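Got the viewer open? Let's take a walk through this one, a selection at a time.

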Amino acid sequence: MTEEKLLLLIERTAAFHERVQQHVQTLTPYPEIRFITAFQSGLLSLEHAVSALLLFEQGLFSSAIALTRPQFESLVRGIWLLHAASENWVTKLSEPLTMESAKRANEGESLAEMLKQLEANPNAPAGIVAQLREFKEVAWKAMSSYTHGGLHPLSRTMSGYPAQLIYDVIRNGNAVVAISAQLLAILSGNPQNMVSVRQMHTDFMDILPIVNHQ
């Protein structure tokens with residue numbers, strides 16, 4: 001892995017983010033509370049992704065990688081809200097923020113439980129859910145370590161960050177962005193909004209792992 005290749009990835013990733021944001025700004029969620037709440041979760045995932053890229057560009061690698069976990073979790077929660085969450089949970093996660101509503105929401109489903117419910121739901125996109133499961137199995141422990149200031153960031157802070165590690169993290173994060181864009185297009189309720197997303201996946205194939213379409 002060369003420094004030049006990593007810089008090219010960052011440049012292409014910035015262009016990818018810009019294209020995603022341009023499309024997302026044209027979208028509004030279907031006017032039903034489940035869709036609206038899931039849409040906000042997808043937007044939150046993209047916000048974490050944009051913030052992580054800014055940190056990568058500044059060489060703040062530990063902080064950037066720490067955002068990969070909430071980026072991933074927000075995406076999973078958005079898909080879960082659309083396909084598997086009970087009406088009770090949709091209501092809890094769409095309430096105005098108060099001390100009481102925060103307490104109820106904090107007692108929510110874990111990521112593992114959300115994935116389990118998605119896998120059990122025949123209406124959920126099986127290919128996407130399988131990708132999310134695989135991503136969790138491979139990267140969850142490391143993501144959690146960075147988020148919580150564990151061994152991974154402490155060790156890398158002392159030994160340095162190999163370019164290949166940064167390359168892989170950014171590329172995997174791009175896959176999460178691609179699925180988030182897909183989710184937001186679906187939540188608009190207009191199938192035509194997926195056309196631009198599919199084109200993005202084609203145009204930026206060089207910086208994306210394989211992404212299945214719903």
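Here is a tour in short stops, each with something to select and something to look for.

**Stop 1: colour by confidence**

This is a predicted model, so start by colouring the chain by pLDDT. The chain averages 93, with 97% of its residues at 70 or more. Now pick out two helices: α2 (residues 33-57) has the highest mean pLDDT among the elements, at 98, and α6 (residues 99-106) has the lowest, at 74. Where pLDDT is low, the predicted coordinates should not be read in detail.

**Stop 2: the core**

Next, select F16, V20, F56, F72, I79, W80 and L132. These are the residues with the most contacts inside the largest nonpolar core, which has 62 residues. Which helix gives this core its largest share? Select residues 163-187: that is helix α10, and 13 of the core residues come from there.

Stay with V20 for a moment and show what surrounds it. Leaving out residues up to four places away in sequence, V20 touches L46, V177, A181 and M200.

Then move to H17, in helix α1 (residues 3-24). Is H17 buried or exposed? H17 is buried, with a relative accessible area of 7%. With the same four-place neighbours set aside, the contacts of H17 are A49, V50, L53, N174 and V177. V177 turns up here again, since it is also on the contact list of V20.

**Stop 3: a helix with a kink**

Select residues 126-147, which make up helix α8, and turn the view until you see the bend. The kink is about 60° and is centred on A139. A139 is one of the buried residues of α8, and others on that list include I128, L132, F135, W140 and Y146. What do the buried residues of α8 pack against? Show α3 (61-66), α4 (68-83), α7 (111-120), α9 (151-159) and α10: the buried side of the packing meets those five helices.

Just past the end of α8, click on G149. Its phi is positive, at about 65°.

**Stop 4: aromatic rings**

Switch on the side chains of Phe, Tyr and Trp. How many aromatic pairs are there? The count is 7. Begin with F61 and Y161, an edge-to-face pair with 5.5 Å from centre to centre and 65° between the planes. F61 sits in helix α3 and Y161 in the loop between α9 and α10, so this pair ties together parts 100 residues apart in sequence. Y161 is buried, at 18% relative accessible area, while F61 is partly exposed, at 21%.

Then go to F72 and F135, a tilted pair: 4.8 Å centre to centre, with 40° between the planes. Here F72 belongs to helix α4 and F135 to helix α8, so the pair links parts that are 63 residues apart in sequence. Both F72 and F135 are buried.

Now add F56 and Y146 to F61 and Y161, and you have one aromatic cluster.

For a ring with a charge over it, select W89 and K92. K92 lies over the face of W89, at 4.3 Å from the ring centre.

**Stop 5: far along the chain**

Try some distances between C-alpha atoms next. Select E32, in the loop between α1 and α2, and L187. They are 155 residues apart in sequence and 9.8 Å apart in space. E32 counts as partly exposed, with 30% relative accessibility.

Now select N193, in helix α11 (residues 193-203), together with V24. Along the chain N193 and V24 are 169 residues apart, and their C-alpha atoms are separated by 9.4 Å. N193 is buried, with a relative accessible area of 18%. Setting aside residues up to four places away, N193 touches H23, L27, A185 and S188.

**Last stop: N172**

Finish on helix α10, where you will find N172. N172 counts as partly exposed, at 31% relative accessibility. What is N172 in contact with, leaving aside neighbours within four places in sequence? Show F135 and P209: those are its contacts. For one more distance, add L115, which is 57 residues from N172 along the chain, with 18 Å between their C-alpha atoms.

Key:
Residues numbered from 1 in each chain as written. Predicted model: local features only at pLDDT ≥ 70, side-chain atom pairs only at ≥ 80, totals over all residues. Heavy atoms only, no water. Core = buried A, V, L, I, M, F, W, Y, C linked by side-chain atoms within 4.5 Å. Buried < 20%, exposed > 50% of the residue type's maximum accessible area, 1.4 Å probe, protein only. Helix = DSSP H or I, 4+ residues; strand = E, 2+ residues; numbered from the N terminus. Contact = heavy atoms within 4.5 Å. Bend = angle between axes of the 7 residues up to and from the residue. Phe/Tyr/Trp six-rings, centres within 6.5 Å; stacked < 30°, edge-to-face > 60°. Lys NZ or Arg CZ within 6 Å of the ring centre and 35° of its normal. pLDDT = per-residue confidence, 0-100.
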